[in-house]
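Open the model in your viewer and keep the selection tool at hand. This tour goes from one stop to the next and says what to select at each.

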Amino acid sequence: MNMEVRAMTPEERKYSYTQDADTIRRSGCIGHLRVDMDVSGTGFFSSWDNHNAALKTQDFKDQFDEVINALRFDEQYGGILKNRSSLASCCFKTPESDFGNDREFGFRVDTEEYSYMLRLNPGKGEYAAYIYAYDRDMLDSELLPAPELMNVLVVEPGQPPYVKAIQTGLDSLYREIGTDTVQAIYPWNDPVGLICDDNGKMTGKELNRALRDEDGHIYDVVAGTFLIAGLGAEDFTSLTPEQIDKFKDVFKTPEAFINLGGRLMVVPVEEHRPSVKDKLAAMKETQKPHTAPAKKHDREVR
C-alpha cells in the first residue's frame, strides 16, 4: 500500500473536526477514530464514530486497519501514533502542522482511495488523536475553491432581461449563449460589453434586439440570446446595480422583426394589456346577481 503523509494545509484543518450533515455528505466523511494513549502515553485505546455508513465498505475497513498499524509500527512514517512521546516529536519537528494554538497539530495521510485527517494533541490529559477518514476523490472535490461568479444581464428573444450569476471564463459564456464562437462588442461609453453569438445570423438564430445609436437610429440587430457584462481590468466582471438598472431599461421591451419588401421593420412587443371590451366583460361578470343555492330539507318518512 502506497501512503503519503504530510502536514495539513490551513484549508484542510476544518476536516479534522465533525462537520454539519451537508458537508459530511459532500466531502465523503466515513467516520472518525478517537485515540487515548492513557496516562502513561504508551497505551492505545480507541473508539469509532460513523458518519456515513454506506461508505464504510469492507475494503475501507481492511485498509483503515492497515493505515493505523503503519502509523503505529512502521518507522518510515516516524511512529506518529507509536506513543505520545513519538507523536509529540513528529508534531514539533513539523511546525507547519501547528494549528496556531501550540496545542493541536494536523497531518493528512493519503492512499489511492482514501484520505485520513489526523488532528493530534501532544499534551497530557487530552485525547491524543482524532482521525477522520474520507473518500479521497470526494474530499478533494470539496476542497476545490468555489468558482468565481459575476452578475450579468441575460437578454433572450421575446423575453424581458434578467440578472444571472454565472461563472467567469469563456466556457461559461459559451454555455449561456449556446455557441462555441462568441463576439464581444462595446456600443456604449459605459464600461460594459455585449456578448453574443458571432454566427447567430448566419445560423438562423431568432432576431432578438435592435441596436441604436445616440439618435435612435438602428444600425444593427443581435440574433440569439446575448449577455451584458461589466468590464474589468483584464476580463469581464459583474455589472454594478446602476448598470443593471440602466440596461434592463434599454432592453426591457422585446422586439419583433418583419421583412417588408427587403426592409426590416422593428415592432415593440408590449405586454398584453386588457382592451376596453375586455374590461367591460370582466365588470359584467363581477356584477352578475348571486343566487344562493336552495337549502336542502330532510323529510321525515312516516
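The stops below cover a strand residue, a helix, a strand with its partners and a surface patch.

This is a predicted model, in which local features need pLDDT of at least 70, side-chain atom pairs count only at pLDDT 80 or more, and totals for chains, interfaces and linings use all residues. Residues are numbered from 1 along each chain as its sequence is written, and side-chain values use heavy atoms, with hydrogens and water left out.

**Stop 1: W48**

Select W48, which is in strand 3 (residues 45-50). Helices (H or I, at least four residues) and strands (E, at least two) are DSSP runs, numbered from the N terminus. Is W48 buried or exposed? W48 counts as partly exposed, because its relative accessibility is 24%; buried means under 20% relative accessible area, exposed over 50%, and partly exposed in between (1.4 Å probe, protein chains only).

Now show what surrounds W48. Leaving aside neighbours within four places in sequence, its contacts (heavy atoms within 4.5 Å) include I30, L33, F60, F64 and A133. L33 is 15 residues from W48 in sequence, yet their C-alpha atoms are 4.5 Å apart.

**Stop 2: helix 3**

Select residues 84-92, which form helix 3. Color R84, S86, L87, A88, C90 and C91: these residues are buried. What do they pack against? The buried residues of helix 3 pack against strand 4 (105-110) and strand 5 (114-120). At the start of the helix, find N83, where a side-chain oxygen comes within 3.2 Å of the backbone nitrogen of S85.

**Stop 3: strand 7 and its partners**

Select residues 149-155, strand 7, where five of the seven residues are buried. Add strand 8 (residues 162-167), which pairs with strand 7 in the antiparallel sense over six bridges; two strands pair if DSSP finds at least two bridges between them. Within this pair, N151 has A165 as its bridge partner. The hairpin has six residues between the strands, and G158 there takes a positive phi near 75°.

Next add strand 13 (residues 226-231), joined to strand 7 by three bridges and also antiparallel. Here V154 stands opposite L227.

**Stop 4: I258**

Finish with I258 in strand 15 (residues 255-260). I258 is partly exposed, with a relative accessible area of 37%.

Key:
A polar contact is a pair of N or O atoms within 3.5 Å; within protein, one must be able to donate a hydrogen and the other to accept it, and residues adjacent in sequence count only if both atoms are side-chain atoms.
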